[in-house]
Structure formats: C-alpha cells, structure tokens
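Hi everyone, thanks for making time. I've got one structure to walk you through, so let's put it up on the screen.

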Amino acid sequence: MTDYLGAHRLFYDAVETGDVDLMASLWVDDADTSCVHPGALPLRGTAQVLRSWTVLMANVGYIQFFLTDVEVTTFPRGDAEPTTAVITCTENILSGEGLSSAEAFAGGKAVCTSILVKEPGGWKFWSRHASPIAELHIDDEDS
C-alpha cells in the first residue's frame, strides 16, 4: 500500500466485496484502535473492530459507496514526511439490503472521519467514526 488515499479506498473495496482478509490488513493491531459505526457505541481494540466489520459484511448483500467532499490533513505539517493522515468524507451509500425485491435499492448518507498512520508495511487505520446525515424533507405546503 503506497499512500493514505489508496489505503482509504481499499477500506471501501473491502466492505463492498466482503473481503475480511483485506479489511484485517488495513487496521493497526493495537488495543487502542477504535471504530464508531453510525448510531453505535465506540468499539476499542483491533479484534473487536474487525469482528464488527466481519459481522456487518456477512449480513449485507449489496452495498456501494460513492465518496464526496473528501478532505485530507496530514501530520506533521510542513516539509516532513507525513506519518498521520486525517481523512473526512461524505459516504453516499447505495444498498439493496432488506428491501422488498431484488431490484430495489435504498440510499443513505454518512459523514466519516478516518485517522490513518504510517506503519512499516504501509498506511493503516487507527480510528474511524461515521455518523448518519439526517435527510430533512420540507413540505412545500407548509411554507
């Protein structure tokens, strides 16, 4: 893995394809790693984080992510080689899970912050936090 954006994209590839081995290769192995799934409590430790992704991927038939508003900040700043990357984005999610027919799809949005660190083997996830974005529907008749 050559760069933090490549590792970030591989994360979504792992979820979309249900690749548990790829997902495991993307996380730092440490008791302090963390992950917060939308609407859930924080998970701590690589084993607990990976278990949650394994369960999620096993229970989702079709899912695809379209990332927008991707922003990256690296540390240290300046001329030094970065060792930490903070990536924020909007996840536009297309899913076919739990719907009435195989041809039906549902959509959703989440805002996500991922912290990746540079390890000897490449960039790896240290922390990830995703929160759902509420879709507000305004009724024109009430205006």
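One term before we start: a residue is called exposed when over 50% of its relative accessible area is left open, buried when that value is under 20%, and partly exposed in between. And keep in mind that this is a predicted model.

So, let's try that out on Ala58, which sits in helix α3, residues 46-58. Buried or exposed, what do you think Ala58 is? Its relative accessible area is 64%, so Ala58 counts as exposed. Now look for Val20: Ala58 and Val20 are 38 residues apart in sequence, and in space their C-alpha atoms are 9.3 Å apart.

Okay, on to the sheet. It's an open one with six strands, and reading across you get β2-β1-β6-β5-β4-β3, with mixed pairing. β2 (43-44) and β3 (63-75) are the edge strands; each has a single partner strand, so one side of each has no neighbour in the sheet. Let's zoom in on the β2 end. β2 pairs with β1, residues 34-36, in the antiparallel sense, over two bridges. Which residue in β2 is the bridge partner of Cys35? That's Leu43.

Now the helix on the sheet. α1 lies across β3, β4 (84-95), β5 (106-119) and β6 (122-132), and α1 runs at about 155° to β3. Find Leu5, which is part of α1, residues 4-17. Leu5 has 39% relative accessibility, so it counts as partly exposed. Together with Val70 and Val72, Leu5 makes a nonpolar surface patch of about 200 Å².

That's my tour, thanks for listening!

Definitions and conventions: Residues are numbered from 1 along each chain as its sequence is written. This is a predicted model: local features need pLDDT of at least 70, side-chain atom pairs count only at pLDDT 80 or more; totals for chains, interfaces and linings use all residues. Side-chain values use heavy atoms; hydrogens and water are left out. Patches are made of residues with over 30% relative accessible area and no salt bridge: like charges are joined within 9 Å, nonpolar side chains (Val, Leu, Ile, Met, Phe, Trp, Tyr) within 5 Å. Accessible areas come from the Shrake-Rupley method with a 1.4 Å probe; for residues, only the protein chains shown count as cover. A salt bridge is a side-chain nitrogen of Lys or Arg within 4 Å of a carboxyl oxygen of Asp or Glu. Helices (H or I, at least four residues) and strands (E, at least two) are DSSP runs, numbered from the N terminus. Buried means under 20% relative accessible area, exposed over 50%, partly exposed in between (1.4 Å probe, protein chains only). Two strands pair if DSSP finds at least two bridges between them. Contact means heavy atoms within 4.5 Å. Axes are lines fitted to C-alpha atoms, for helices over the stretch in contact, and angles run from 0 to 180 degrees between N-to-C directions.
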